[in-house]
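Work through the exercises below with the sequence and the coordinates open. Each task is followed by a solution in steps.

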Amino acid sequence: MVPEGRRLFSSLTVEENLRIGGQLGRPGPWTLQRVLELFPMLAERRSQASTSLSGGQQQMVAIGRALMSNPRLLLCDEISLGLAPIVVRDIFQRLPTIVAEGTAVVVVEQDVVQALAASTYLYCLQEGRVLLEGASSSLSREAIKAAYFGV
Amino acid sequence: MELAHVIIQGVLLGGLYALFAAGLSLIFGVMRLVNIAHGDLIVVAAYMAYFTMQALGVGPFTSLFVVVPAIAVLGYALQRGLLNFALGDELPPLLVTFGLSVIIQNVLLILFTHDSRRLYAGPIEMASWKFTPDLAVGVLPVIQFVVAVAVIGGLQLVFYRTTLGRAFRATSDDPDIAQLMGIENRHIFALAMALSLAVVAVAGVFIAIRTTFNPFYGPQLLIFGFEAVIMGGLGSLWGTLAGGVLLGLAQAIGGQINVGLPFTAGHVAFLLVLIVRPQGLFPKVSV
């Protein structure tokens, strides 16, 4: 679970935040070592306070913290919230690595371009109802636009 | 020489206040609970030590081997059975622990009467080291201070070097997310209370050797603890030690000026710190 707004533990270091995620000890591919390989910039900052990181780095910690529990399903709420587009792209580029380890990923995302590029299947929701769904490769941006705005 | 003597006495006494305060500080830090019954629990620990000594024929320090685990279990049960249900808002924990304080005092009164009691530690109470012909330092206050520093150092280690401490800090930061990460908050809170009362037991035994206690002695101890915590700065354990020492010093100096003055002097020092530095000497929590 990667909560909206990241919600890291502010008095803990980067490494402590990650370890908290893994403290239940569920076995699986993700260890502290692997998470730091996935996000190398966290490795250099592992003993820093989590609050001293940039928004993008904090988002990486939040994702890493969730991965440490070796979930079968990773839920990401609004990864792009408040982040620069380049950082968002950087983070989305790591998702295939996570999926390759056998973890299903559900991303709630407003950035349609990123969402289309990163996903295999897409749902458009409005007020709790599914307006449109389909394999990401089969949906055009026009179709999504039409579903939301009716034009 | 007189002044040196007063200062040393004050600092050593401060260790005791720091012990009272460390337990309060820990609970507040982890779960934002202001424990009004803290002083009464110190008195409970003193009674437990009193009867352990009688039953087993041991000294007050040996009795800690029984009292510390016993009161820690009591603390765990108290938190899981009662206080966890009061958390979440500011007022309910205050009311519940205030009620608890009244109940503890009256139960102690029914069980043990209003008689004042003391724990006797034997010849060590009178022992002292003479540094110069004018300057002697009691062995017991020194032990008390060393134990206080050791306990606070130990708590610091637990907080920053162990898995349990990490869980304490994470829960303190964001209880909802901590729960999402598989931390059982109710269990963590109960462990914090157990740890707090373990510290209380040590404090209770030292205070009961130093002075007599009765069922209604708790609130006064609570005030000292509060003053030390707030002077030191919320959430900082070493700050709490500094706050305790400051309070001890103020009382010792006040007592030197006039025999009736020590407590007043302590309160005045507390108010001065609040005026000059309301966040305390070494604040950590920014809430």
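The exercises go from whole chains to one helix and then to single residues.

This is a predicted model, in which local features need pLDDT of at least 70, side-chain atom pairs count only at pLDDT 80 or more, and totals for chains, interfaces and linings use all residues. Residues are numbered from 1 along each chain as its sequence is written, while chains are lettered from A and ligands numbered from 1 in the order in which they are written.

**Exercise 1. Confidence**

Task: state the scores of the model and the mean pLDDT of chain B.

Solution. Start with the model scores: ipTM is 0.82 and pTM is 0.87. Then take pLDDT, the predictor's confidence in each residue, from 0 to 100. Its mean over chain B is 91, and 98% of the residues of chain B reach 70 or more.

**Exercise 2. The fold of chain B**

Task: give the order of helices and strands in chain B and decide how its radius of gyration stands to the globule rule.

Solution. Step one is to list the elements, where helices (H or I, at least four residues) and strands (E, at least two) are DSSP runs numbered from the N terminus. Chain B has 11 helices and 2 strands, in the order α-α-α-α-β-β-α-α-α-α-α-α-α. Step two uses the radius of gyration, taken over C-alpha atoms, and the globule rule of 2.2 Å times the number of residues to the power 0.38. For 287 residues the rule gives 19 Å, and chain B has a radius of gyration of 19 Å, so chain B is as compact as a globular protein of that length. Along the principal axes, its C-alpha atoms fill a box of roughly 65 × 50 × 35 Å.

Step three is burial: a residue is buried if 20 or more other C-beta atoms, placed from the backbone, lie within 10 Å of its own, exposed if 12 or fewer, and partly exposed in between. By this count 50% of the 287 residues of chain B are buried. Step four is contacts, meaning pairs whose C-beta atoms, placed from the backbone, lie within 7 Å. In chain B, 75% of the contacts with a separation of 6 or more join residues 24 or more positions apart.

**Exercise 3. The fold of chain A**

Task: describe chain A by the steps of the previous exercise.

Solution. Chain A has 8 helices and 4 strands, which run α-α-α-α-β-α-α-β-α-β-β-α from the N terminus on. Its radius of gyration of 16 Å agrees with the value near 15 Å of a compact globule with 151 residues. The box of its C-alpha atoms is roughly 50 × 30 × 25 Å along the principal axes. Of its 151 residues, 34% count as buried. Residues 24 or more positions apart make up 62% of the chain A contacts with a separation of 6 or more.

**Exercise 4. The contact between the chains**

Task: how many residues does each chain give to the contact?

Solution. Chain A gives 14 residues and chain B gives 10 residues. On the chain A side, these divide into 6 nonpolar, 5 polar and 3 charged. Here Ala, Val, Leu, Ile, Met, Phe, Trp, Tyr, Cys and Pro count as nonpolar, Asp, Glu, Lys and Arg as charged, and the others, Gly among them, as polar.

**Exercise 5. Helix 11 of chain B**

Task: find which residues of helix 11 of chain B are buried, and where they lie around the axis.

Solution. Helix 11 (residues 262-276) has 15 residues and reaches 21 Å from its first C-alpha to its last, close to the 21 Å expected; the expected span is 1.5 Å times one less than the number of residues. Its buried residues are B:Pro262, B:Ala265, B:Gly266, B:Ala269, B:Phe270 and B:Val273. They fall within an arc of 140° seen down the axis, so they line one face of the helix; the arc is that of the directions from the helix axis to the C-beta atoms. An α-helix has 3.6 residues a turn, so residues three or four places apart point the same way. The buried residues pack against helix 9 (218-232) and helix 10 (237-257) of chain B. On the other side of helix 11, B:Leu271 and B:Ile275 are exposed.

**Exercise 6. Positive phi**

Task: place A:Arg7 and A:Asn70 in chain A and classify their burial.

Solution. A:Arg7 has phi near 50°, a positive value in a residue other than glycine. A:Arg7 sits in the segment before helix 1 (14-21) of chain A and, with 16 C-beta neighbours inside 10 Å, is partly exposed. For A:Asn70, phi is likewise positive, near 50°. A:Asn70 belongs to the loop between helix 4 (55-67) and strand 1 (73-77) of chain A, and is buried, with 20 other C-beta atoms within 10 Å.

Conventions
Contact = placed C-beta atoms within 7 Å.
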